[in-house]
Amino acid sequence: MSASYDAAAVAALADQRVSWQDKALPPAFWGRTVADVLAEKPRLSDLPTPLLTLSAPGLQHNVATLARWCADHGVELAPHGKTTMAPALWAQQLDAGAWAITLANAFQLGVARQYGVSRVMIANSVISPMQLRWIADELAADPSFEVLVWADSVRTVELLEAARSAYVDAGARRLDVLVEVGGADGRTGARDTETALAVGAAIAAASTLRLAGVAGYEGAIAHGADEAGLEHVRSYVRELAAVHRGLQYEADVVPVVSAGGSAYFEQVAQVLAPLASEGARVVLRSGAYIAHDDGYYRQHSPLGSTPRTDGDRLVSAMHGWVRITSQPEAGLAIFDAGKRDLPYDEGLPEPQLLRPRSTGDGVRKVEGMTVTKLNDQHGFLRFSPDGETPLVIGDELRVGLSHPCTAFDKWGLVPVIDDPEADDPVVVDLIRTFF
C-alpha cells in the first residue's frame with residue numbers, strides 16, 4: 001500500500017506568494033501567488049536567465065516509467081526525496097504508487113511531516129537525542145505515521161535505545177530500525193556479516209526499538225557498468241540478502257529489504273526480488289530518475305541511453321537556460337550561469353539549443369560548442385575561432401545538465417514548462433523546493 005500525503009497542504013503551495021527571493025521569476029511577478037502567476041500563462045521568454053526548468057511531459061513519463069518497471073519486476077519504490085526536496089513532486093510519485101518517500105536526515109523528515117507524508121525511510125542513522133525525541137512525539141501523535149531509520153553498529157543501537165528510554169513510556173510504539181549493510185570502500189554500513197548480525201541482535205534486544213529489515217546502498221561501492229562492475233554490485237546485494245536471511249524477526253514483522261539507487265536498480269531487483277516470495281518487502285530507493293539528466297544518469301541508468309533492462313527509456317526532464325553576456329576573444333563566449341546556478345559535480349552543462357535573440361528566430365540545435373568551465377556566476381563556452389561566429393551577445397542557450405541531486409538545491413522555485421523543444425514554451429507549474 002502506497003504512503004499517503006496531505007493533498008490540501010500540497011495544493012496550498014499554489015497560494016504562496018512569490019518574491020525577490022525567487023530568482024526564477026522577474027520583478028513583474030513579485031507579490032503575486034503562484035496561482036496568479038500561472039493564470040497568466042507566462043512563457044519562457046517572460047523569465048530571466050539563468051534558469052532551471054522542468055519538463056511537464058518528461059516528469060510524467062519518468063514517474064510512470066519507473067512505477068511500471070517496479071510493478072513488472074516485483075519490487076516496490078520509496079523514491080529518495082532528497083533529490084528534489086519538492087513535496088509537489090513527491091505527491092506525483094506517491095500518486096503513482098510509491099510505498100514511501102526516502103529522506104536523508106531529520107530536517108528533511110520535518111518537511112515530509114509538514115506535508116503529511118505518512119511513511120518515510122531515513123536512509124541514515126539518527127542519533128541526536130533531540131531529533132529522536134521529536135520523532136517519538138510524532139509517532140505518538142499520529143498512529144498512521146511510520147518511520148524507519150538505519151543502524152550499522154551496536155554503538156548506534158545503544159545510542160538509539162539510551163535516548164529513547166529516557167522519555168518513551170512503556171507500551172509506546174517502538175522505532176523501526178533497519179540493519180545497514182556496507183561494503184569495502186563504500187560509505188556507511190556494517191562491513192561484514194558478523195557485524196551486521198550483531199547489530200540486528202542488538203536491535204531485537206532493545207526495548208524501544210523493533211528490528212524491521214536490512215538496507216544498503218550499492219552506488220557507493222559500484223565500479224562501472226561493464227559486466228565486472230555489475231557483478232560487483234550483484235555480489236554486494238547478495239551479501240545484503242544473506243544478512244536478511246540470518247536475522248530473527250518478530251512473527252508479525254514484514255521485513256523491509258532495501259537497496260537500489262538510480263544507477264543499478266536492475267541488478268538490485270534481479271537479486272532481491274525473489275525475497276518477496278519469502279515474505280520480505282523489497283524496496284528500491286531510486287530518486288534521480290524523476291528528472292533523469294543529460295549526463296551521468298543518461299550514461300549510467302539502466303533505462304538510460306544504452307538500456308541494460310527492459311522498459312521505456314527515461315528522458316531528461318530538466319534543462320538550464322543561459323544568456324551570452326560577453327565575447328571577449330575569438331572562439332569564446334561567456335554566459336550568465338555558474339556553479340551557483342547549475343550542477344557541475346558529475347559533468348559540465350551540454351549546449352543543446354540556441355535561441356537567437358538578435359534575429360527573433362525560433363530555437364535550433366547547436367553543434368561544435370562545449371562548456372569548458374564554470375565560475376561561481378559565469379560559464380565558459382568554447383567553439384572554433386575559424387569561420388562565422390555562431391552566436392552573439394544576448395542570444396540564449398538551452399543546456400543539458402548532469403546530476404539532478406545538485407541541480408534542485410540551487411533553486412527555491414522551479415518553473416515547469418509544457419514543451420522544452422518549443423520555440424517559447426508555456427510555464428504550467430512552479431515547483432517549490434525546501435533545502
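**A first walk through the chain**

Trainee: Hi! Of the contacts between residues at least 6 apart in sequence, what share joins residues at least 24 apart?

Mentor: In this chain, 70% of those contacts link residues that are at least 24 places apart. Keep in mind that we are looking at a predicted model.

Trainee: Got it. How many helices and strands does the chain have?

Mentor: There are 11 helices and 18 strands.

Trainee: And how does the radius of gyration compare with that of a compact globule?

Mentor: The two agree: a compact globule of 435 residues would come out near 22 Å, and this chain has 23 Å. Along the principal axes, the C-alpha trace spans about 75 × 50 × 35 Å.

Trainee: What about the surface and the inside?

Mentor: Buried residues account for 55% of the 435 in the chain. The chain exposes about 17700 Å², and 49% of that comes from carbon and sulfur atoms.

Trainee: How far apart are the mean positions of the positive and negative charges?

Mentor: They are 2 Å apart, with 37 positive and 55 negative charges counted.

Trainee: New topic: helices. Why is α10 described as largely enclosed?

Mentor: Helix α10 runs over residues 265-272, and 7 of its 8 residues are buried, so the rest of the structure largely encloses it. The buried ones are Phe 265, Glu 266, Gln 267, Val 268, Ala 269, Val 271 and Leu 272.

Trainee: What covers those buried residues?

Mentor: The cover includes two helices, α3 (56-72) and α9 (227-246), along with strands β8 (256-259) and β9 (281-284).

Trainee: Let's try a strand. Where does Leu 397 lie?

Mentor: Leu 397 is part of strand β16, which covers residues 396-400.

Trainee: Is Leu 397 buried or exposed?

Mentor: Buried, because its relative accessible area is 1%, and the cut-off for buried is under 20%. Leaving out residues up to four places away in sequence, Leu 397 touches a list of residues that includes Trp 321, Val 322, Ile 324, Leu 353, Leu 354 and Met 369.

Trainee: How far is the C-alpha atom of Leu 397 from that of Gln 352?

Mentor: Those two atoms are separated by 7.2 Å, while the residues are 45 apart along the chain.

Trainee: Okay, now a charged one. What joins the side chains of Asp 176 and Arg 210?

Mentor: A polar contact of 2.7 Å. Asp 176 sits in strand β6, residues 175-180, and counts as buried at 13% relative accessibility. Setting aside residues up to four places off in sequence, Asp 176 touches Val 147, Leu 148, Val 149, Arg 210 and Ala 212.

Trainee: Can we look at the stretch between β2 and α4? Which element does Thr 83 belong to?

Mentor: Thr 83 is in the loop between β2 (76-77) and α4 (87-95). At 1% relative accessibility, Thr 83 is buried. The Thr 83 side chain reaches the backbone oxygen of His 80 at 3.4 Å.

Trainee: What does Thr 83 contact beyond its neighbours within four places in sequence?

Mentor: Thr 83 is in contact with Gly 287, Ala 288, Pro 404, Cys 405, Phe 408 and Phe 435.

Trainee: And which residue in that loop has a positive phi?

Mentor: Met 85 has one, about 45°, although it is not a glycine. Met 85 is in the loop between β2 and α4 and is buried, with 0% relative accessibility.

Trainee: What about Trp 90: where is that found?

Mentor: Trp 90 is in helix α4, and at 1% relative accessibility it counts as buried. Met 85 turns up again here: apart from residues up to four places away in sequence, Trp 90 touches Gly 81, Thr 84, Met 85, Ile 101 and Leu 103, among others. The C-alpha atoms of Trp 90 and Pro 79 are 8.2 Å apart, with their positions 11 residues apart along the chain.

Trainee: Last stop: what kind of peptide bond joins Thr 49 and Pro 50?

Mentor: A cis one, with omega about 0°. Pro 50 is in the loop between α2 (34-39) and β1 (51-55).

Trainee: What about Lys 41: is it buried or exposed?

Mentor: Lys 41 counts as exposed, at 61% relative accessibility. Lys 41 is in the loop between α2 and β1, and its phi is near 50°, a positive value in a residue other than glycine.

Notes
Residues numbered from 1 in each chain as written. Predicted model: local features only at pLDDT ≥ 70, side-chain atom pairs only at ≥ 80, totals over all residues. Heavy atoms only, no water. Buried < 20%, exposed > 50% of the residue type's maximum accessible area, 1.4 Å probe, protein only. Helix = DSSP H or I, 4+ residues; strand = E, 2+ residues; numbered from the N terminus. Contact = heavy atoms within 4.5 Å. Polar contact = N/O pair within 3.5 Å; in protein donor to acceptor, adjacent residues only side chain to side chain. Rg over C-alpha atoms; globule rule 2.2 N^0.38 Å. Areas by Shrake-Rupley, 256 points an atom, 1.4 Å probe, with all protein chains shown as cover. Lys, Arg positive; Asp, Glu negative; His and termini not counted. Charge placed at Lys NZ, Arg CZ, Asp CG, Glu CD.
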